[in-house]
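Subject: Structure handover

Hello,

Here is the structure for you to take over. Please open it first, then read the notes below.

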Amino acid sequence: MRIQPVILAGGTGTRLWPLSRELYPKQLLSLIGEHSLLQTTLIRVNLIPDALPPLIVVGEEHRFLTRSQVEELNLFPQYQLLLEPLGKDTAPAVCGAALFAQKHSEKDMLLLVLPADHLIARPDDFVNAVLRAKKLAQRGKLATFGIVPDRPETGYGYIRRGPKHAVQSFVEKPDLTTAEQYIADSNYFWNSGMFAFPADLLLAELNEHAHDTVSCMKKAVKKGSPDGVFFRFDPKAMQQSPAESIDYALMEKTSQAVVVEADFGWNDIGSWRALWEVTEKDPQGNVVSGDVLLEDVENCLIRSEDTLVAAVGLRDTLIVETSDAVLVAPLNRSQDVKKIVSRLKKRARTEFHSHRTVFRPWGSYTTLEIHDRFQIKRITVNPGARLSSQMHHHRHEHWVVVRGTARVENGGQEILLREDESTYIPLGTIHRLENPGVIPLELIEIQIGSYLGEDDIIRFDDEYGRDA
């Protein structure tokens with residue numbers, strides 16, 4: 001029974017706003033060290049003996065960033081990105097991955113289901129726990145990893161262990177008094193959201209306890225479309241699937257669930273305080289990143305992404321600065337950041353959705369200024385890359401090259417632009433931008449018009465498979 005890693009890389013990590021955004025979520029951020037949480041997870045998976053190439057379940061909108069991060073590691077000659085057209089929680093994601101794996105890989109396999117955004121301090125102990133889970137799975141069990149708790153944590157759910165490793169019950173997040181009672185009982189563990197499932201048993205039990213999910217995801221896989229390293233679940237079929245967690249859909253109902261005791265320095269980095277707890281601190285207990293100046297500051301997390309942050313006389317405080325937002329809160333209220341994000345989403349604020357710099361498969365753009373009828377962007381196009389052939393109904397564009405060479409299709413013309421040269425693209429004109437050179441192309445784009453939204457793009461040809 002070979003191990004098939006399944007990495008769940010969806011979600012937005014709302015409690016790590018303003019760094020984590022809908023278009024650039026927590027798992028793609030480098031919060032500790034040089035690698036993102038996704039990359040750290042993949043590096044850890046690569047330590048598992050004789051594991052199959054990973055399957056990574058990711059939202060459609062994150063596919064190119066995810067692919068870029070996987071290939072940057074250069075660890076996996078083969079891998080597959082399973083694209084979710086919409087978020088339906090973890091049960092459909094796990095079910096779809098299992099069905100895809102059975103169709104395209106080995107029949108007798110162990111699915112190792114791992115969230116992409118967890119931190120594990122001792123990877124060797126993690127591998128040992130995986131091998132122990134494999135032994136239980138080979139006896140016909142569905143294993144979940146229970147983290148040995150080191151404090152009475154109220155932010156996690158718990159698992160209660162019964163005889164012979166059996167899961168006796170799943171427990172919701174407790175109050176402090178109840179959590180202290182759990183800590184005193186060696187049969188309570190934090191629910192990590194990590195699992196080891198024999199593929200056949202998983203699908204059989206899901207079919208019994210979550211039949212509608214299996215039925216929908218069978219259609220989503222059968223009608224899905226391959227595209228290189230991408231495989232798109234069929235949107236209509238997945239839309240019909242119930243939205244349930246794998247815990248609720250299966251693990252709380254099956255009689256085959258067992259818990260694997262795990263002690264490998266686990267943290268789900270679920271809040272800024274959690275990040276503060278696991279990050280190296282200065283002598284005053286501060287976690288500092290970026291351009292930060294402190295005077296009489298203790299036990300704080302202060303992170304600057306874009307400009308100088310100066311702090312005086314603070315204790316137990318969180319400050320996170322980005323180019324378009326600043327968050328200030330007591331560290332012990334960091335779980336409440338999600339309330340701010342919810343309000344931003346309701347108001348359709350761009351700060352919920354994206355940073356000023358937005359990454360695309362061809363490069364990136366940064367919004368420098370935005371006003372009622374015009375905005376200014378800096379566009380960077382990777383060597384050899386090109387944007388889609390497109391037009392706009394509501395805006396004109398002026399392009400000025402500041403670095404590199406641009407090949408521009410502008411109406412019926414094709415022109416080469418070099419540094420300090422420009423072109424004007426009238427409203428309604430079909431146009432295309434390409435970097436034919438060997439260095440990044442940088443240009444300034446000035447958009448003028450009655451509507452400047454990114455959805456005012458009509459694509460005619462796009463090598464990245466985008467239709468919007």
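A polar contact is a pair of N or O atoms within 3.5 Å, and within protein one atom must be able to donate a hydrogen and the other to accept it. The side chains of N191 and D247 make such a contact, at 2.8 Å. N191 sits in strand β9, residues 188-198. Its relative accessible area is 17%. Buried means under 20%, so N191 counts as buried. Please keep in mind that this is a predicted model.

The six-stranded sheet

One open sheet has six strands, in the order β20-β21-β22-β29-β24-β27. The pairing is antiparallel. Which strands stand at the edges? They are β20 (357-360) and β27 (422-425), and each pairs on one side only. From one strand to the next, the twist averages 20 degrees.

Look at β22 in particular. This strand covers residues 374-381 and is mostly covered, with six of its eight residues buried. Strand β21 (residues 363-370) runs antiparallel to β22, and seven bridges join the two. β21 and β22 form a hairpin, with three residues between them. Two positions help to fix the register. T366 stands opposite R378 in β22. I370 stands opposite Q375.

β22 also pairs with strand β29 (residues 441-449). That pairing is antiparallel too and spans eight bridges. Q375 appears again here: its bridge partner in β29 is Q447. Q375 therefore has I370 opposite it and Q447 as its bridge partner in β29.

There is a nonpolar patch on the surface as well. F374, I446 and I448 form it, with about 210 Å² of accessible area together. F374 belongs to β22. How accessible is F374? Its relative accessibility is 33%, so F374 counts as partly exposed.

The four-stranded sheet

A second open sheet to look at has four strands, in the order β14-β16-β18-β19. Its pairing is mixed. β14 (287-289) and β19 (326-330) are the edge strands, and each has a single partner strand, so one side of each has no neighbour in the sheet. The twist here averages 5 degrees from one strand to the next.

Inside this sheet, β16 (residues 301-304) and β18 (residues 317-321) run parallel. Four bridges join them. I302 has I319 in β18 as its bridge partner.

The β6 and β12 pair

Strand β12 covers residues 257-262. Five of its six residues are buried, so the rest of the structure largely encloses β12. Strand β6 (residues 142-147) runs parallel to β12, with six bridges between them. G146 is matched with E261 in β12 as its bridge partner.

Salt bridges

How many salt bridges does the structure hold? The count is 26. Three of them are worth a look.

Start with D324 and R21. Their side chains meet in a salt bridge at 2.7 Å, N to O. The pair links distant parts of the chain, 303 residues apart. D324 is in the loop between β18 and β19. R21 is in the loop between β1 (2-8) and α1 (37-45). Are these two residues buried or exposed? D324 is buried, and so is R21.

Next, D150 and R151. The closest N and O atoms in this salt bridge are 3.1 Å apart. D150 has 62% relative accessibility, so D150 counts as exposed. R151 has 25%, so R151 counts as partly exposed. Both residues belong to a network of salt bridges, in which D150, R151, E153, R273 and E277 are linked.

Last, R232 and D227. Here the closest N and O atoms are 3.2 Å apart. R232 counts as buried because its relative accessibility is 15%. D227 counts as partly exposed because its relative accessibility is 34%.

The structure is now with you.

Best regards

Note on methods:
Residues numbered from 1 in each chain as written. Predicted model: local features only at pLDDT ≥ 70, side-chain atom pairs only at ≥ 80, totals over all residues. Heavy atoms only, no water. Pairing = 2+ DSSP bridges. Axes fitted to C-alpha atoms, helices over the stretch in contact; angles between N-to-C directions. Buried < 20%, exposed > 50% of the residue type's maximum accessible area, 1.4 Å probe, protein only. Patch = residues over 30% accessible without salt bridge, like charges linked within 9 Å, V, L, I, M, F, W, Y side chains within 5 Å. Areas by Shrake-Rupley, 256 points an atom, 1.4 Å probe, with all protein chains shown as cover. Salt bridge = Lys/Arg side-chain N within 4 Å of Asp/Glu carboxyl O.
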